[in-house]
Amino acid sequence: MHKTNYGTISSNSDDAQFQGTSNSSEFNSLCDNIVTNIYTINTGWKTLEQALKTIGTSRDNQGVRDKIHVSQLSTNQIISITPKDLNRLKMIIKKGDKQKEFQINKLADNFTEAMGKYHSMQKLVANKMKANLLMVHSPETSSVEEAGSQSEQLQLSKQLAFEQDLLVDRESRIRQIESDVLDVNQIMRELSALVHEQREHVDTIENSIDHAVGNVEEGTEQLLKASRYSRKYRIKLCILVLIAVVIVSALIGIIVASLKK
């Protein structure tokens with residue numbers, strides 16, 4: 001598994017590449033942290049995928065269950081802090097920095113994809129673990145011959161107490177399994193608000209750019225029209241001056257001819 005390049009980290013990933021686009025060390029640091037978080041989430045997903053194949057088999061034991069629990073705790077923590085880093089990225093970029101805004105959107109998309117895949121695997125593992133609970137075996141009881149001296153009431157009481165302990169233990173294990181499953185609702189709400197706001201801003205920038213391009217094209221057309229009008233005006237002016245010169249010359253010629261007479 002390899003990491004996608006979003007900032008200063010290089011990779012051969014097919015995802016979008018962002019080669020040192022930030023002028024801020026904090027921006028680069030946050031990008032690298034988020035990339036590492038996404039990698040960690042994908043690693044957690046791989047751990048759960050492998051554990052899913054072990055649960056319910058002869059290799060299933062308490063050590064496997066403990067490893068699943070610890071892995072989920074650490075991965076859940078990484079997932080819970082990542083939206084805060086994404087939000088911080090949004091706050092430190094300059095307004096109108098379209099390239100960085102697209103970069104944040106790409107990070108958010110990849111984080112959402114990794115989290116969704118991990119959450120789905122969590123639910124599969126939890127369901128299989130609940131269906132294959134590791135039950136504590138009953139301690140060895142006295143033999144029939146040894147139990148002959150004990151009252152039936154005492155035996156029944158011990159049996160009921162043991163069964164009650166089993167139920168409590170089972171419920172406790174189920175609660176732990178369910179508590180390990182990430183609650184993605186709040187995270188998704190925060191992330192959706194961030195991505196929506198960020199993309200809305202990007203759309204506004206794109207609209208502004210389109211509007212500016214339209215204004216430039218319109219301005220260019222107006223300049224071309226003005227240039228054509230100016231050229232026609234100069235031609236007309238030259239013709240009028242030429243006609244005036246001809247008329248003045250004719251008048252001068254008439255006046256000179258009259259004086260000679």
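Helices, here and below, are DSSP runs of H or I with at least four residues, and strands are runs of E with at least two, both numbered from the N terminus. The model shown in these views is predicted.

**View 1. The protein chain as a whole is built from five helices and zero strands.** Read from the N terminus, its elements follow the order α-α-α-α-α. The protein chain has 261 residues, of which 30% count as buried.

**View 2. The segment at residues 237-259 is annotated in UniProt as a "transmembrane region", in an unreviewed entry.** In the predicted model the chain over residues 237-259 is 100% helix and 0% strand, and the C-alpha atoms at the two ends of this segment lie 33 Å apart. The annotation itself comes from the UniProt record, whereas the helix and strand percentages are computed from the model.

**View 3. Helix α1 has 30 residues, and its end C-alpha atoms are 44 Å apart.** At 1.5 Å a residue, a helix with this number of residues should span 44 Å, so the computed separation of the ends agrees with the expected one. After α1 comes G56, whose phi is positive, near 85°.

**View 4. Helix α1 (residues 25-54) meets helix α2 (residues 62-92), with axes that come within 9 Å of each other.** The two axes cross at roughly 155°, and because angles over 145 degrees count as roughly antiparallel, α1 and α2 are therefore described as roughly antiparallel to each other. The crossing of α1 and α2 is left-handed. The residues that form this contact of α1 with α2 comprise 14 nonpolar, 10 polar and four charged ones.

**View 5. Helix α1 also packs with helix α3 (residues 98-131), at an angle of about 20° and with the axes 9 Å apart.** Since angles under 35 degrees count as roughly parallel, this angle makes α1 roughly parallel to α3. The crossing in which α1 passes α3 is left-handed, and the residues of the contact of α1 with α3 divide into 18 nonpolar, five polar and four charged.

**View 6. K53, a residue of helix α1, is the subject of this close-up.** Is K53 buried or exposed? With a relative accessible area of 57%, K53 is exposed, because the cut-off for that class is over 50%. Although K53 and K128 are 75 residues apart along the chain, their C-alpha atoms are separated by 9.8 Å in the model.

Note on methods: Residues numbered from 1 in each chain as written. Predicted model: local features only at pLDDT ≥ 70, side-chain atom pairs only at ≥ 80, totals over all residues. Heavy atoms only, no water. Axes fitted to C-alpha atoms, helices over the stretch in contact; angles between N-to-C directions. Parallel < 35°, antiparallel > 145°, perpendicular 65-115°, else oblique. Left-handed = near helix turned anticlockwise from the far one by under 90°. Nonpolar A, V, L, I, M, F, W, Y, C, P; charged D, E, K, R; others polar. Expected span 1.5 Å × (residues − 1). UniProt positions renumbered as here; feature names shortened; annotations may be inferred. Buried < 20%, exposed > 50% of the residue type's maximum accessible area, 1.4 Å probe, protein only.
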